[in-house]
Structures are given as C-alpha cells and as structure tokens.
Amino acid sequence: MTESKTDVAALAPPVLILLGPPGAGKGTQARMLQQRYGLVQLSTGDLLRSAVAEGSEAGKAADKVMKSGGLVSDDIVIAILRDRLAEPDTTKGVILDGFPRTTVQAEALDDLLAESGQQIDAAISLEVDDEAMVHRIAGRYSCGECGEGYHDSFKQPKVEGVCDVCGATNMKRRADDNAETVAERLSAYHRQTAPLITYYEKRGALQRIDAMGPIDEIATTVSRAVSKAAKD
Ligand code: AMP
C-alpha cells in the first residue's frame with residue numbers, strides 16, 4: 001500500500017461505506033482499513049449476530065430472517081446502528097460494512113450523521129461477479145477469537161486450524177454461508193441494495209473498485225480511495 005496512516009489520520013475522521021454483494025470482501029477490506037488507519041469497522045451483520053447470541057428481542061426477531069437470507073427489518077437494524085454509533089470510539093472515523101442495505105437505511109444514516117454534523121465521505125462499491133461469490137462464500141471461515149478471515153482455496157492459515165493472528169484453534173463457519181441461503185442473499189442484494197450504487201453515484205460520493213483480484217491488490221486500491229476521500 002502506498003498511502004500512509006497519517007494521510008488519513010491527520011484529516012477529519014472519515015465516514016466510509018463499503019457496498020457490495022455478500023462475499024465481495026467487505027469484511028476483509030474493512031478489517032484491513034481498521035488495522036491500517038485506526039478506523040472503526042461497524043458491521044451490522046456482526047452486531048445482529050451478537051444480538052442473536054445474547055437472545056435479545058431484536059436478536060430473536062432477526063434470527064429467522066438471517067437464516068432465510070433475507071434482510072432484517074429497517075427499524076431493527078437502524079436502532080442497532082444508532083446505538084453503536086453513539087459509542088465514543090466511533091469518533092476515530094468509521095467504515096460501515098453491510099449498512100446501509102436499503103434506501104430507507106441510507107436516508108436514516110444521513111439523518112443520524114447530520115445530528116453530529118457529519119456526512120458520508122465515500123461509498124466504495126466492491127464490484128464482483130455473482131458466480132464467483134458463491135464459491136467465495138462456500139469456502140470461507142474465520143477465527144472464533146479475533147475474527148481473522150480465512151478461505152479453503154484463497155487464504156489458509158500457515159498451520160491448519162490455527163489462527164495466524166492470535167493462535168486460537170476455534171475456527172468457525174457462518175450458519176448462513178450455505179448454497180441455498182447464499183442464493184437468497186444475492187437476490188436480496190440485487191433487489192434491495194444494488195440501487196444504492198446509483199443513490200451514492202448521484203451524490204458524487206461513489207468510488208467503484210474491481211474486487212475480483214487478490215486481496216492485497218484490492219486493499220491497495222481501497223486504501224487509495226480512502227485517502228482520496230479523506231482529502232476531498
Ligand atoms: P452480513 O454479515 O453483512 O453478510 O449480514 C448477514 C445477515 O444479517 C444478512 O443476510 C441479513 O439477514 C442481516 N443484515 C446485516 N446487515 C443488514 C442490514 N443493513 N439490513 C438488513 N439486514 C442486515
């Protein structure tokens with residue numbers, strides 16, 4: 001990567017959105033940006049999975065929908081994001097991973113940010129083929145401790161079953177990463193989320209990135225886009 005941490009850190013804390021279908025690499029790229037720039041990754045999928053694990057009312061309502069591959073209701077997701085955005089670490093700048101996924105959520109995000117005098121700096125669209133997505137999702141797993149992502153074909157740990165980052169041995173696969181649910185998740189993306197590409201393009205906030213190549217090459221391009229957005 002060519003952009004330095006200070007490029008972004010020295011400027012106002014950015015608010016970035018990663019758009020793209022399931023399997024496009026949003027989580028992987030968000031984690032890399034978090035490590036590189038000290039920004040905070042906000043994944044509504046992770047927040048919802050925590051709510052499900054805690055057994056909260058929102059979690060119970062979300063569980064069924066997530067298993068089917070559909071989208072959880074805007075009200076639930078917006079409330080969860082609102083609470084998370086109110087935590088103090090988000091003043092370092094945030095990368096939204098998996099939010100917004102509908103126009104209603106995008107408008108709610110604008111309102112939430114406006115309350116603290118902020119706005120979106122960039123919406124980065126990770127562009128990929130649907131066919132490749134099914135293969136990517138089917139082979140992925142992550143460390144149950146630190147969340148580092150791995151893949152049966154593209155990124156295996158140096159020692160099988162042992163996380164390169166934290167040494168934990170409890171790798172896990174997501175319950176919704178199966179062929180049936182993936183098809184529904186892709187369809188929900190095209191129906192409800194893809195229109196956001198035009199939404200942000202019209203506002204001049206969209207940056208498109210070809211996300212079919214190796215992770216590190218995509219990370220370099222994403223990093224450049226972030227640096228540009230922070231300076232604009
Ligand atoms: P993800 O981890 O981003 O792939 O999300 C996993 C699942 O959580 C999705 O298939 C949805 O059911 C749900 N989900 C995550 N984020 C949202 C969102 N912004 N709006 C609605 N549902 C969401």
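What follows is a chat between a trainee and a mentor about helix H3 and some salt bridges in a predicted model.

Trainee: Let's start with H3. Which of its residues are buried?

Mentor: In H3, residues 44-54, the buried ones are Thr44, Gly45, Leu48 and Ala51. Buried here means under 20% relative accessible area.

Trainee: What makes those residues line one face of the helix?

Mentor: Look down the axis of H3: the buried residues fall within an arc of 120°, so they sit along one face. There's a general rule behind this kind of thing: an α-helix has 3.6 residues a turn, so residues three or four places apart point the same way.

Trainee: And what does the face turned away from the buried side carry?

Mentor: The exposed residues Ala53 and Glu54.

Trainee: What do the buried residues of H3 pack against?

Mentor: Two strands and two helices: E2 (40-43), E3 (94-97), H4 (57-68) and H5 (74-85). Contact in this sense takes heavy atoms within 4.5 Å. As for what follows H3, that's Gly55, which has a positive phi near 75°.

Trainee: On to charges. Why is the Arg82 and Glu115 pair called a salt bridge?

Mentor: The cut-off is a side-chain nitrogen of Lys or Arg within 4 Å of a carboxyl oxygen of Asp or Glu. Arg82 and Glu115 come in at 3.9 Å, N to O, so the pair counts. Arg82 belongs to helix H5 and Glu115 to helix H6 (residues 103-115), so the bridge ties together parts 33 residues apart in sequence.

Trainee: What makes Glu115 exposed, but Arg82 partly exposed?

Mentor: Exposed means over 50%, and partly exposed runs between 20% and that. Glu115 has 60% relative accessibility, so exposed it is. Arg82 has a relative accessible area of 40%, so it is partly exposed.

Trainee: How do you know that Glu148 and Arg31 form a salt bridge?

Mentor: Test the distance again: their side chains meet at 3.0 Å, N to O, and the limit is 4 Å. The pair links distant parts of the chain, 117 residues apart: Glu148 is in the loop between strands E5 (140-143) and E6 (149-151), and Arg31 is in helix H2 (residues 26-37). Both Glu148 and Arg31 are buried.

Trainee: How many salt bridges does the structure hold?

Mentor: It holds 17. Another one joins Arg185 to Asp177, with the closest N and O atoms 3.0 Å apart, and both of those residues are buried.

Trainee: Which residues are linked with Arg185 and Asp177 in a network?

Mentor: Arg140, Arg174 and Asp176 are linked with them in a network of salt bridges.

Methods. Residues are numbered from 1 along each chain as its sequence is written. This is a predicted model: local features need pLDDT of at least 70, side-chain atom pairs count only at pLDDT 80 or more; totals for chains, interfaces and linings use all residues. Side-chain values use heavy atoms; hydrogens and water are left out. Buried means under 20% relative accessible area, exposed over 50%, partly exposed in between (1.4 Å probe, protein chains only). Helices (H or I, at least four residues) and strands (E, at least two) are DSSP runs, numbered from the N terminus. The arc is that of the directions from the helix axis to the C-beta atoms.
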